[in-house]
Amino acid sequence: PTPLFLDCDTGIDDSLALLYLLTRPDVEITGIASTAGNVATDTVVENNLAWLELCGRTDIPVHPGSPVPLVTPLRTAEDTHGPHGTGYARLATAVTAPSPVDAAHAWCRAASTHADRLVGLAIGPLTNLALALRLDPDLPTRLDRLVIMGGAFGVPGNTTPVAEWNMVVDPEAAAEVFAAFDRPDAPDPLVCGLDVTEQMSFTPAHAQRLADAAPGTRVAGYLTDALRFYFEFHDAQGEGYQAFVHDPLAAMVALDPDRASTTPAHLAVELEGALTRAMTVADRRGMLGAPNVRLVTGADVDAMLDELVDALARLGVA
Ligand code: BDR
Ligand code: CA
């Protein structure tokens with residue numbers, strides 16, 4: 001199986017991504033870095049442990065990350081993801097302990113242990129990865145690929161008029177990550193921005209299909225309660241009674257990059273602008289430098305949504 005290291009701020013759509021990955025027999029999740037974002041790091045750790053325990057996968061280590069972004073004060077998104085990051089669902093508290101290895105060191109270890117094979121998947125703020133790159137500047141050369149959910153390319157932001165949540169929570173970390181991968185001997189990260197992830201619209205019909213396929217199971221029950229909160233949030237934002245499930249799209253691209261169309265770009269993160277801080281500036285014309293990422297420009301979202309629902313239904317745990 002493909003070794004994959006996950007970095008997340010679980011989070012409702014992070015939960016969906018994690019659960020989806022657990023259904024893929026061709027993937028070995030070597031560890032989960034927990035980053036502050038949607039909720040505080042401790043809550044992210046608890047959520048990751050709780051999902052893993054529910055699914056009988058306590059063999060996967062959960063690594064606590066930094067409680068705060070590199071520079072900017074932490075902001076969290078309980079309005080979007082609920083008081084515990086899982087909407088109206090209150091997961092059973094896990095008894096499993098987190099790993100004693102912190103997230104940044106765990107990134108470095110995973111990259112060395114699975115050198116040239118590791119797939120990195122970052123679906124939260126990039127604090128842990130930035131700290132890992134400070135510990136091991138050559139980490140990018142050891143990855144087979146890195147897939148990031150973050151940024152907004154040609155569409156408005158979802159947190160400021162121009163910036164996306166994962167970038168806003170820790171802009172300095174994002175800037176460090178894209179700079180660190182700006183070298184010829186590292187793979188160009190695949191970056192999934194809002195322009196693509198907001199096409200991944202999980203609807204009440206999908207939720208109903210999940211509930212019908214796995215009636216009375218705990219995973220389906222928790223997800224129903226989580227998704228109801230997520231639908232209400234999006235509805236209150238004027239986006240309709242549905243939810244954008246950004247992170248599962250990134251997870252699917254991480255495992256099957258051929259499902260996405262991409263374009264090379266030089267990506268930089270604005271750190272100064274009073275109005276534009278955390279904006280992702282993608283240059284496709286070589287004005288800022290050679291490409292350091294591949295922007296995901298499209299994906300078969302309908303098929304991905306179907307596959308997501310089917311996978312989650314299969315996971316139903318009694
Ligand atoms: C990103 O922000 C978070 O709230 C989601 O989990 C996703 O990773 C979308 O902007
Ligand atoms: Ca996330």
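Begin at aspartate 59, which sits in the loop between α2 (41-54) and β3 (62-64). The model shown here is predicted. Is aspartate 59 buried or exposed? Aspartate 59 counts as exposed because 9 other C-beta atoms lie within 10 Å, and the cut-off for exposed is 12 or fewer. Now look across to glycine 193. Aspartate 59 and glycine 193 are 134 residues apart along the chain. Their C-alpha atoms are separated by 32 Å.

Move on along the chain to leucine 74. This residue has its place in the loop between β3 and α3. Leucine 74 has 16 C-beta neighbours inside 10 Å, so it counts as partly exposed. Which residues does leucine 74 touch, leaving aside those up to four places away in sequence? They are Ala36, Val68 and Pro69. Asparagine 48 is 26 residues from leucine 74 along the chain. The C-alpha atoms of leucine 74 and asparagine 48 are separated by 20 Å.

Glycine 87 comes next. It lies in the loop between α3 (78-81) and α4. Glycine 87 is buried, because 25 C-beta neighbours fall inside 10 Å and the threshold is 20 or more. Its contacts, not counting residues up to four places away in sequence, include Ile12, His81 and Gly82. Glycine 87 also touches Asp225, Ala226, Leu227, Arg228, Phe229 and Tyr230. Phenylalanine 231 is 144 residues from glycine 87 along the chain. Even so, the C-alpha atoms of glycine 87 and phenylalanine 231 are separated by 9.8 Å.

Now turn back to the start of the chain, and to β1 (2-8). This strand is mostly covered: 5 of its 7 residues are buried. Which way does β1 run relative to strand β2 (residues 27-34), parallel or antiparallel? The two pair in the parallel sense, over 7 bridges. Within this pairing, find leucine 6. It stands opposite isoleucine 32 in β2. Helix α1 belongs to the picture too. Together, β1, α1 and β2 form a right-handed β-α-β unit.

β1 has a pairing with β4 as well. It is also parallel, with 4 bridges. Here aspartate 7 stands opposite alanine 122 in β4.

Follow the chain out of β1. Glycine 11 has its place in the loop between β1 and α1. A cis peptide bond joins threonine 10 to glycine 11, with omega at about -10 degrees. Glycine 11 also leads to the ligand. It is among the closest residues to ligand 1, along with Asp13, Glu164, Trp165 and His246. How many residues surround ligand 1? The shell has 15 residues. They divide into 4 nonpolar, 7 polar and 4 charged. Three helices, α1 (12-22), α7 (165-169) and α12 (246-255), each supply at least two residues of this shell.

Two residues outside glycine have a positive phi and make a useful pair to compare. One is aspartate 116, where phi is near 70 degrees. Aspartate 116 lies in the loop between α4 (103-113) and β4 (118-122). With 9 other C-beta atoms within 10 Å, aspartate 116 is exposed. The other is alanine 278, where phi is near 80 degrees. Alanine 278 is in the loop between β9 (260-269) and β10 (280-283). It has 28 other C-beta atoms within 10 Å and is therefore buried.

The strands on either side of that loop pair with each other. β9 and β10 do so in the antiparallel sense, over 4 bridges. Leucine 267 stands opposite alanine 282 in β10. In a regular strand, side chains alternate between the two faces of the sheet. How does this look along β10? Thr280 and Ala282 point to one face and are buried. Val281 and Asp283 point to the other face and are not buried.

Last, step back to the wider span. An unreviewed UniProt entry annotates residues 5-305 as "domain: Inosine/uridine-preferring nucleoside hydrolase". This span is 39% helix and 18% strand. The C-alpha atoms at its ends lie 23 Å apart.

Terms used
Residues numbered from 1 in each chain as written. Chains lettered and ligands numbered in written order. Near = placed C-beta within 6 Å. Nonpolar A, V, L, I, M, F, W, Y, C, P; charged D, E, K, R; others polar. UniProt positions renumbered as here; feature names shortened; annotations may be inferred. Pairing = 2+ DSSP bridges. Right-handed = clockwise from strand over helix to strand, strands pointing away. Contact = placed C-beta atoms within 7 Å.
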